[in-house]
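This report describes the fold of one protein chain for a reader who has not met it before. The sequence and the model come first, followed by the description.

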Amino acid sequence: MEQQMMNSTQSTPTETVKRILNVTENLALFYNPANGHHSLRALTQLSQNSVLHTFSAREYVARPTYLSVQVADDRHIHLAPEFLQYINHSCEPNTFFDTSKGEVIALRNIAANEEITFFYPSTEWSMTQPFTCFCGTRSCLGQIQGASYLNKQALVKYRFAEHIHQRLQGVFGAYWKTTRGLSLASVSARLRLPALPPFPQISF
Ligand SMILES: [Zn+2]
């Protein structure tokens, strides 16, 4: 969620980025001297549903910042370990921040050298610094402002953190009840995302 990362670098040719630090045996921090952007990339192939890393709060912040991740309606954290803040946004993400478990999870198989990305509105209800996304994916949404700004068509594509899911259900509950189950499978297949597990604490 770093400010300089707000414009996704996913479409950047990999030959222009330089590895600057191995942060785990599977992940490394890269730097693009052409635009000053950092990114986190896989060093090895990572399997769908695997936990890339756990995370916790380095500190809690009362209001969202350009670095923070929202973990509850009224809670925003700065991430520990700190290198996770270099995970950029994509409208076709390959990881998900599970804020209930404190885990970064692979949404699909991730190839070696592939950039690690997540969908910022999956944790953020209303972002303090909206940005225009240039992820270049087929489903790019353009302006990224948080889950509260997503249209109904976007809502069915993504997996959301529990606090966002509950809030969306409050706003779009009737819509989700009638369409979510029907459309999810086809959308997930198109995006090569796994089908979403049900949220057991919510009855649709
Ligand atoms: Zn995008």
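Helices, of at least four residues, and strands, of at least two, are taken here as DSSP runs and numbered from the N terminus. On that basis the chain has two helices and 13 strands. The model is a predicted one.

**Overall picture**

The chain has 204 residues, and 34% of them count as buried. Among contacts between residues at least 6 apart in sequence, 61% join residues that are at least 24 apart.

**The nonpolar core**

In soluble globular proteins, nonpolar side chains tend to be buried together. In this model the largest nonpolar core has 37 residues. Those with the most contacts inside this core are Ile87, Phe97, Ile116, Phe118 and Phe160. Two or more residues of the core come from each of these elements: strands S3 (37-42), S6 (69-72), S7 (75-80) and S9 (95-98), and helix H2 (162-191).

What is Ile116 in contact with, leaving aside its neighbours within four places in sequence? The list consists of Leu27, Leu40, Arg41, Ala42, Leu52, Ile87, Asn94 and Thr95. One of these partners, Ile87, is also among the residues with the most contacts inside the core.

**The sheet S1-S2-S3**

Three strands form an open sheet in the order S1-S2-S3, with antiparallel pairing. Strand S1 (18-22) and S3 stand at the edges; each has a single partner strand, so one side of each is left without a neighbour in the sheet. On average, neighbouring strands of this sheet are turned by 35 degrees against each other, direction ignored.

S1 pairs with strand S2 (residues 27-32) over four bridges. Within this pair, Lys18 has Tyr31 of S2 as its bridge partner, and Leu21 stands opposite Leu29 in S2. The two strands form a hairpin with four residues between them.

S2 is joined to S3 by six bridges, and these two strands also run antiparallel. Leu27 has Ala42 in S3 as its bridge partner; both Leu27 and Ala42 are in contact with Ile116. S2 and S3 form a hairpin, again with four residues between them. Gly36, in the turn of this hairpin, has a positive phi of about 75 degrees.

**The hairpin S6-S7**

S6 and S7 pair in the antiparallel sense over three bridges. Here the bridge partner of Gln70 is His76 in S7. A hairpin joins the two strands through two residues, and both strands give residues to the core described above.

**Backbone exceptions**

Most residues other than glycine have a negative phi, and most peptide bonds are trans. The table lists three places in loops that depart from these habits.

| Place | Backbone value | Loop |
|---|---|---|
| Asn49 | positive phi, near 75 degrees | between S3 and strand S4 (51-54) |
| Ala80 and Pro81 | cis peptide bond, omega about 0 degrees | Pro81 between S7 and strand S8 (88-89) |
| Asn113 | positive phi, about 80 degrees | between strand S10 (103-106) and strand S11 (117-118) |

Are the two asparagines buried, exposed or partly exposed? A residue is partly exposed if the number of other C-beta atoms within 10 Å falls between the limits of 12 or fewer for exposed and 20 or more for buried. Asn49 has 13 C-beta neighbours inside 10 Å and therefore counts as partly exposed. Asn113 has 15 such neighbours, so Asn113 counts as partly exposed too.

Definitions and conventions: Residues are numbered from 1 along each chain as its sequence is written. This is a predicted model: local features need pLDDT of at least 70, side-chain atom pairs count only at pLDDT 80 or more; totals for chains, interfaces and linings use all residues. A nonpolar core is a set of buried Ala, Val, Leu, Ile, Met, Phe, Trp, Tyr and Cys residues joined through C-beta atoms within 7 Å. Two residues are in contact if their C-beta atoms, placed from the backbone, lie within 7 Å. Two strands pair if DSSP finds at least two bridges between them. Axes are lines fitted to C-alpha atoms, for helices over the stretch in contact, and angles run from 0 to 180 degrees between N-to-C directions.
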